[in-house]
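Please look at the sequence and the 3D structure shown below before reading on. The report that follows takes up confidence, salt bridges and a surface patch in turn.

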Amino acid sequence: MVCATSCQPPKIQISLPNSHWERIFFQEIDRVTNLAGVKELRKLNVNKDEIQVRVWRGFSLSPLEGVIFERIGGRWSATHIKADRYSTPENVDVIKLDPPKSGWGSFWKTIVDKGLLTLPDPSEINCEDRSTVDGINYVV
């Protein structure tokens, strides 16, 4: 195959929020993903037909847990990760999730139809983190 300019695929541009919450939350997320043997989000390359969504819950007095939902090579899967404690976790449980009865494709369509891909950054809707200790935060 001969390419007119280059055979390299186009570079993927990562858009990250510039908010104080981002650095704080991703330090914890990166610690847990490293324990789980999952590549950090900023270091992950996905092909144009691949999808990966990570939903994290915690960031307070409960252990961080998340679900990684992905389609790679045309196959859907989901994994649940939960840290052993909220402060400096040392271990994580990693569990592959069974598909819903309707299938992962149907699940994906449902969450996209509900606005998953258009969720705004908190700074865009005047909803910045107030650093509550007893609340639960979600990061998608």
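## A residue in a strand

Where is the place of Val-55? In this predicted model, Val-55 belongs to strand S1, which covers residues 51–58. With a relative accessibility of 34%, Val-55 is partly exposed, because that term applies between the 20% limit for buried and the 50% limit for exposed.

Val-55 also takes part in a nonpolar surface patch of about 480 Å², to which Leu-119, Ile-136, Tyr-138 and Val-140 contribute as well.

## Salt bridges

The structure contains 3 salt bridges. One of them joins Arg-57 to Glu-65, with the closest N and O atoms 3.0 Å apart; Arg-57 is partly exposed at a relative accessible area of 31%, whereas Glu-65, at 16% relative accessibility, counts as buried. Another links Glu-90 with Arg-85, where the closest N and O atoms are 2.8 Å apart, and Arg-85 is partly exposed at 36%.

Lys-109 and Asp-113 also meet through their side chains in a salt bridge, at 2.7 Å from N to O. Both residues lie in helix H2 (residues 104–113), 4 residues apart, which is about one turn of the helix. Lys-109 counts as exposed at 51% relative accessibility, and Asp-113 counts as exposed at 55%.

## Confidence

The mean pLDDT of the chain is 82, and 79% of its residues reach 70 or more. Over residues 1–5, however, pLDDT stays under 50, and the model has 0 contacts for them beyond four places in sequence. Where pLDDT is low, predicted coordinates should not be read in detail.

Conventions:
Residues numbered from 1 in each chain as written. Predicted model: local features only at pLDDT ≥ 70, side-chain atom pairs only at ≥ 80, totals over all residues. Heavy atoms only, no water. Patch = residues over 30% accessible without salt bridge, like charges linked within 9 Å, V, L, I, M, F, W, Y side chains within 5 Å. Areas by Shrake-Rupley, 256 points an atom, 1.4 Å probe, with all protein chains shown as cover. Salt bridge = Lys/Arg side-chain N within 4 Å of Asp/Glu carboxyl O. Helix = DSSP H or I, 4+ residues; strand = E, 2+ residues; numbered from the N terminus. Buried < 20%, exposed > 50% of the residue type's maximum accessible area, 1.4 Å probe, protein only. pLDDT = per-residue confidence, 0-100. Contact = heavy atoms within 4.5 Å.
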